[in-house]
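User: Please take a close look at a single part of this model, and work outward from one residue to the elements around it. I would like a connected account that I can follow against the coordinates.

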Amino acid sequence: MSSYLTNAQFFEQCAPVLSSSPAQVVTDAITWASTTADSYLRKRYALPLISFDVDLSQNVFYMAQWKLLSQTGFRPGSGQNELLAKQYDDSIKWLRDVSTGIVQINAVDQSDGEVDEEGSLTASDCQQNFQRAGFTGGRGGRWNSGGFDW
């Protein structure tokens, strides 16, 4: 099972209302968000990814944060809640674009950069940056099993 975010990374960025969430609840939300991401990624990449950049982690963060907020309850009219819901929606759109090849993530998958039988590019072939709906690619960070490489 893939995990594209740690609890520590989540707590560094989360909305104040979620900062006192129990660690296991956060882990469960991250697992759910990572599994959701995998359901899109597996259409183009051989999972699990060996390494990936911060854009994937950021989108998993947005989905996990939304999941936790949806469990604690939204407050209608709260600007912060609306922002978190928009970030979740944008993350799903981003993942959909990744799965169709519109967005190509900077990652290394299990195929080691080879082209599959259908001619789909693998993550290690992709050098393209992107900018969409508040997400900016090419920030220079790259996540691997040991943390961020800058």
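Analyst: Ser34 has a relative accessible area of 0% and is therefore buried, in a model that, it should be said at once, is predicted. This serine belongs to helix 2, and once its neighbours within four places in sequence are set aside, Ser34 is in contact with Ser2, Ser3, Tyr4 and Val60. With Tyr4 there is also a polar approach to consider, since a polar atom of the Ser34 side chain lies 3.1 Å from the backbone nitrogen of Tyr4.

The helix that carries Ser34 runs over residues 23–41, which makes 19 residues, and it reaches 26 Å from its first C-alpha to its last, close to the 27 Å expected at 1.5 Å a residue. Ser34 has company in being buried, for the buried residues of helix 2 include Val26, Ala29, Ile30, Ala33, Ala37 and Leu41. Some general geometry helps in reading such a list: an α-helix has 3.6 residues a turn, so residues three or four places apart point the same way. The buried residues of helix 2 pack against helix 1 (7–13), helix 3 (54–72) and helix 4 (79–100).

Of these partners, helix 3 deserves a longer look. Helix 3 also has 19 residues, and its reach from first C-alpha to last is 27 Å, close to the 27 Å expected at 1.5 Å a residue. Because 14 of its 19 residues are buried, helix 3 is largely enclosed by the rest of the structure. After helix 3 comes Gly73, which has a positive phi, near 110 degrees. A charge placed over a ring can be added to the picture, as Lys67 lies over the face of Trp32, at 4.9 Å from the ring centre.

The aromatic side chains complete the view, with a count of 7 aromatic pairs. In one of them, the rings of Phe10 and Phe11 have centres 5.7 Å apart and planes at 85 degrees, so this pair is edge-to-face. Phe10 counts as buried at 0% relative accessibility, whereas Phe11, at 30%, counts as partly exposed. Phe61 and Tyr62 form another aromatic pair, which is tilted, with 5.7 Å from centre to centre and 55 degrees between the planes. Phe61 counts as buried at 2% relative accessibility, and Tyr62 is buried with a relative accessible area of 14%. Phe10, Phe11, Phe61 and Tyr62 together form one aromatic cluster.

Conventions. Residues numbered from 1 in each chain as written. Predicted model: local features only at pLDDT ≥ 70, side-chain atom pairs only at ≥ 80, totals over all residues. Heavy atoms only, no water. Helix = DSSP H or I, 4+ residues; strand = E, 2+ residues; numbered from the N terminus. Expected span 1.5 Å × (residues − 1). Buried < 20%, exposed > 50% of the residue type's maximum accessible area, 1.4 Å probe, protein only. Contact = heavy atoms within 4.5 Å. Polar contact = N/O pair within 3.5 Å; in protein donor to acceptor, adjacent residues only side chain to side chain. Phe/Tyr/Trp six-rings, centres within 6.5 Å; stacked < 30°, edge-to-face > 60°. Lys NZ or Arg CZ within 6 Å of the ring centre and 35° of its normal.
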